[in-house]
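Here's a quick tour of one protein chain, written for someone new to reading structures. Take a look at the sequence and the 3D view, then follow the bullets.

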Amino acid sequence: GTLTAEDVRYLNFTSGYTKFRWCRRGQTVAECQTSRANGDHVADDDGKFRYSGGHMQKHATLMGLGPDDNAALAHDISAALGNIDITYSQPQLAGGVVTNATEYGRFLQRTVAGQTKIASLLGSHPVCTNPRTCPSAISTPIPSDESWHYSVGHWVEDDPVVGDGAFSSPGAFGFYPWISADKRWWGIVARHQTGGAIDSMRCGREIRAAWVSATAR
């Protein structure tokens, strides 16, 4: 739960390891990180925000997870999170997990209760992410008309106009978990839709607003 400055660079996506694409099912974490251009460091990206799984893949090899295949990675990550039921479709730290809303909900419940290390780190070490409003941002999957920050492995939805400060992780296929800005509430929009991250996020934002205000949206 104590991060070094080097850890932070990988976790808030400013390390420069930005050429990552994907892993093959039978690879280890390290084999994936060194295959194709996955492990290339881009000097021009170093110190700037670019959304990429390459940061976490490189970080995992430095943490000693390099020899892990899918099964070993699932075991190690699950044990660290309190025996959450997960598997991996590929040994990719940022996007290889397979689980369901019930199991992910257990992780969010434990975090809201302060039982995980990330609980005290929510929103820490934030970097700006919108290239239109931030000179140190290169690319982001978030809509260009919103300006969020990225913390250690999660988003902070703090756009000054429409943001509510929630901590979240919109998935590319529509799975959207969040914890409220006051760290009291959590929720999940659980659906599968290619390119569905932003729609799920907007739905989740409406759910949060309705829950807090007790007013239909």
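## Salt bridges, a pocket and a patch

Let's start with a pair of charged residues: the side chains of aspartate 164 and arginine 208 join in a salt bridge, 2.7 Å from N to O. Aspartate 164 sits in the loop between strand S7 (155-157) and strand S8 (166-168), while arginine 208 is in helix H6, so this pair ties together parts that are 44 residues apart in sequence. Keep in mind that this is a predicted model.

**The pair and its network**

- Side chains of opposite charge can pair when their charged atoms come close.
- Is arginine 208 buried or exposed? With a relative accessibility of 7%, arginine 208 counts as buried, because the cut-off for that word is under 20%.
- Its partner, aspartate 164, comes out as partly exposed, at 33% relative accessibility.
- These two don't work alone: a network of salt bridges links Glu146, Glu157, Asp164, Arg205 and Arg208.

**Other salt bridges**

- How many salt bridges does the structure hold? The count is nine.
- One of them joins the side chains of arginine 9 and aspartate 46, at 2.8 Å from N to O. That pair links distant parts of the chain, 37 residues apart: arginine 9 belongs to helix H1 (residues 5-11), and aspartate 46 to the loop between helix H2 (29-34) and strand S1 (49-50).
- Both ends of that bridge are partly exposed: arginine 9 has a relative accessible area of 24%, and aspartate 46 has 30%.
- Another salt bridge, 2.7 Å from N to O, brings together the side chains of arginine 106 and glutamate 103. Here both residues lie in helix H5 (residues 101-112), three residues apart, which is about one turn of the helix.
- In this pair, glutamate 103 counts as buried at 12% relative accessibility, whereas arginine 106 is partly exposed at 31%.

**The S9 and S10 hairpin**

- Strand S9 (residues 176-179) pairs with S10 in the antiparallel sense, over four bridges.
- Look for tyrosine 176, and you'll find it opposite valine 189 in S10.
- Six residues lie between the two strands of this hairpin, and lysine 183 takes a positive phi near 65° there.
- Which side chains of S10 (residues 186-189) point to the buried face? Gly187 and Val189 point to one face and are buried, while Trp186 and Ile188 point to the other face and are not.

**The second largest pocket**

- Rolling a probe the size of a water molecule over the atoms shows where empty space is left.
- The second largest pocket has a volume of about 210 Å³.
- Our opening pair turns up again here: Asp164 and Arg208 are among the lining residues, which also include Trp178, Trp185, Trp186 and Trp211.
- Which element gives the most to this lining? That's H6, with five residues.

**A nonpolar surface patch**

- Trp185, Trp211 and Val212 make a nonpolar surface patch of about 380 Å². These three residues also help line the second largest pocket.
- Valine 212 is part of helix H6 (residues 197-213).
- Valine 212 counts as exposed because its relative accessibility is 65%, and the cut-off for exposed is over 50%.

How values were computed. Residues numbered from 1 in each chain as written. Predicted model: local features only at pLDDT ≥ 70, side-chain atom pairs only at ≥ 80, totals over all residues. Heavy atoms only, no water. Patch = residues over 30% accessible without salt bridge, like charges linked within 9 Å, V, L, I, M, F, W, Y side chains within 5 Å. Areas by Shrake-Rupley, 256 points an atom, 1.4 Å probe, with all protein chains shown as cover. Salt bridge = Lys/Arg side-chain N within 4 Å of Asp/Glu carboxyl O. Buried < 20%, exposed > 50% of the residue type's maximum accessible area, 1.4 Å probe, protein only. Pairing = 2+ DSSP bridges. 1 Å grid on protein atoms, 1.4 Å probe; cavity = no way out; pocket = protein on both sides within 12 Å on 5 of 7 lines; lining within 4 Å. Points joined across faces, edges and corners; volume = space filled by probe spheres on them.
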